Amino acid sequence: MYNPASPQAEEFIEHEEILAALQYAEENKANAALIDAILRRAGEGKGLSHREASVLLACGLPDRNEEILRLAKKLKEAFYGRRIVLFAPLYLSNYCVNGCVYCPYHFQNTHIPRKKLTQAEIAREVIALQDMGHKRLAIECGEDPLHNPIEYILESIDTIYNIHHKNGAIRRVNVNIAATTEENYRKLKQAGIGTYILFQETYHKESYELLHPTGPKHGYARQTEAMDRAMRGGVDDVGLGVLFGLEGHKYEFAGLLMHAEHLEAAFGVGPHTISVPRIKPADGIDPGAFSNGVPDGVFAKLIACIRLAVPCTGMIISTRENQQVRARALELGVSQISGASRTGVGGYTSNQHDTDQFDISDNRTLDEVVRWLMALGYIPSFCTACYRQGRTGDRFMELLKAGQIQNCCQPNALMTLQEFLMDYASPATRLVGEGLIAREMIEIPNQKIREATLGHLEAIRQGERDFIV
Ligand code: SF4
Ligand code: SF4
């Protein structure tokens with residue numbers, strides 16, 4: 001029986017409820033009165049249920065589809081302004097005991113070299129990332145209790161936080177590692193991680209088991225209930241995601257929102273982020289072999305509908321997507337993007353691509369991405385303030401829901417951008433950025449905070465770093 005608050009995967013992601021939601025959506029895809037009512041509710045910015053959002057995703061009325069996109073843009077701007085947070089992935093090890101059929105790291109792939117970074121190699125990678133200007137990382141690692149035990153992950157996090165090269169520092173380490181135990185999540189929390197990210201890959205249990213034929217990841221409940229264990233272990237910022245292309249996107253969409261509803265019902269706080277990766281080519285992996293590929297237009301609508309359904313949840317898009325797709329995604333709801341990513345182990349300090357997890361579609365430098373964002377009218381941000389001030393989980397959500405984020409994100413974004421301009425930007429980027437900062441200062445509503453920010457900006461120009469408001 002469907003029960004959003006249940007601790008059991010098959011009750012909070014109930015197959016029959018997803019089918020019922022999809023049927024309801026299909027039956028109402030041309031029901032203008034219902035669609036208008038759902039759009040009105042969405043416009044209030046309080047989110048939608050998976051059933052309501054599924055109706056919007058199925059909607060076949062061209063004018064209402066236009067309205068969905070328009071409203072998504074409006075909510076994106078209302079909740080996130082024009083700030084875009086930047087981060088980079090850091091691959092630690094591609095040893096993996098799982099058999100995921102869509103990933104080149106699966107244990108049966110014998111021609112991919114296996115690599116695991118030493119702490120000294122991690123330090124070199126982090127220095128390379130700091131030298132680009134990154135302040136936020138997402139560490140990635142295959143599942144292998146022998147090669148990549150939790151102690152290795154914890155030691156690596158410690159190494160990352162302790163490297164301060166020139167003015168560089170990694171201020172937030174998000175962690176994307178395999179589902180683990182409540183005890184290990186507690187250790188990760190104590191190590192000071194930001195968000196714990198785990199992609200469900202697919203919510204369709206039967207497909208899930210076929211796509212993960214061997215290894216500990218085969219267990220659907222273990223994967224689907226991982227965020228509950230993370231929450232119980234004290235990690236209150238969790239990031240959901242599916243790999244679009246494995247299953248029907250409407251099914252995944254409903255499952256994703258049901259997972260968000262579950263976290264809200266069981267723990268009082270929804271996911272911090274939702275990622276929207278699509279399957280991409282990689283060593284031995286042909287996306288054409290998967291029949292559920294999501295075309296660009298549908299992908300854009302998916303992003304818009306997620307934005308309407310969970311307006312307070314950050315959305316992430318990676319360099320799997322090209323510049324054009326990323327630009328569209330930013331308009332419709334995405335609030336965080338990776339930049340200048342390498343998706344192999346040791347990728348920031350070598351030119352080898354033999355361990356890449358997937359092909360990158362956006363190969364620009366971080367400086368180019370920052371300049372591009374500004375040209376599109378966005379404010380690139382390297383902010384990590386909330387996590388460092390303990391504003392995680394429900395405390396973060398309260399801030400967002402109270403509409404105080406403009407007094408918080410805007411100054412922090414501008415100050416971290418100023419740091420980037422001083423330490424890492426090309427002259428052309430710095431010129432554009434200085435003008436942008438001057439213009440954007442007036443968007444900080446609170447006068448006291450605005451004045452404090454002005455002082456901090458000047459101090460940053462004089463060489464001081466790391467201010468938080
Ligand atoms: S997706 Fe993750 S768990 Fe699966 S093979 Fe790749 S690295 Fe291993
Ligand atoms: S102030 Fe908080 S919510 Fe805003 S960008 Fe920084 S960390 Fe994110």
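This is a short walk through a predicted model, one selection at a time.

**Stop 1: ligand 1.** Start by selecting ligand 1 and showing what surrounds it. You should find C96, N98, C100, C103, Y105, H106, G142, E143, A178 and K217. Colour that shell by class and you get five nonpolar, three polar and two charged residues.

**Stop 2: helix α6.** Now jump to residues 119–132, which form helix α6. How far apart are the end C-alpha atoms of α6? They are 20 Å apart, and that agrees with the 20 Å that 14 residues should span at 1.5 Å a residue. Next, show side chains for I122, E125, V126, A128, L129 and Q130, because these residues of α6 are buried. As you look along them, keep in mind that an α-helix has 3.6 residues a turn, so residues three or four places apart point the same way. What do the buried residues of α6 pack against? Add β1 (83–93), β2 (136–141) and α7 (150–161) to your selection: those are the partners. Before leaving, click on G133, which follows α6 and has a positive phi, near 120°.

**Stop 3: strand β2.** Stay with β2 and switch its side chains on. Six of its six residues are buried, so β2 is largely enclosed by the rest of the structure. Which residues point which way from β2? R136, A138 and E140 go one way, while L137, I139 and C141 go the other, and all are buried.

**Stop 4: the neighbours of β2.** Bring β1 back into view. β1 and β2 run parallel and are joined by five bridges; to see one of the pairs, select Y91 and its bridge partner in β2, E140. Put α6 on screen as well, and you have β1, α6 and β2 making a right-handed β-α-β unit.

Then add strand β3, residues 172–176, which pairs with β2 in the parallel sense, again over five bridges. Here the residue to click is I139, which stands opposite V175 in β3. Trace the chain from β2 through α7 to β3 and you follow another β-α-β crossover that is right-handed.

**Stop 5: ligand 2.** Finish by selecting ligand 2. Around it are V85, S381, C383, T384, A385, C386, I405, C408, C409 and N412. Two elements, α16 (385–388) and α18 (409–423), each give two or more residues to this shell. What does the shell look like by class? Seven of its residues are nonpolar, three are polar and none is charged.

How values were computed: Residues are numbered from 1 along each chain as its sequence is written. Chains are lettered from A and ligands numbered from 1 in the order in which they are written. This is a predicted model: local features need pLDDT of at least 70, side-chain atom pairs count only at pLDDT 80 or more; totals for chains, interfaces and linings use all residues. A residue is near a molecule or strand if its C-beta atom, placed from the backbone, lies within 6 Å of it. Ala, Val, Leu, Ile, Met, Phe, Trp, Tyr, Cys and Pro count as nonpolar, Asp, Glu, Lys and Arg as charged, and the others, Gly among them, as polar. Helices (H or I, at least four residues) and strands (E, at least two) are DSSP runs, numbered from the N terminus. The expected span of a helix is 1.5 Å times one less than its number of residues. A residue is buried if 20 or more other C-beta atoms lie within 10 Å of its own, exposed if 12 or fewer, and partly exposed in between; C-beta atoms are placed from the backbone. Two residues are in contact if their C-beta atoms, placed from the backbone, lie within 7 Å. Two strands pair if DSSP finds at least two bridges between them. A crossover is right-handed if, with the strands pointing away from the viewer, the path from the first strand over the helix to the second runs clockwise.
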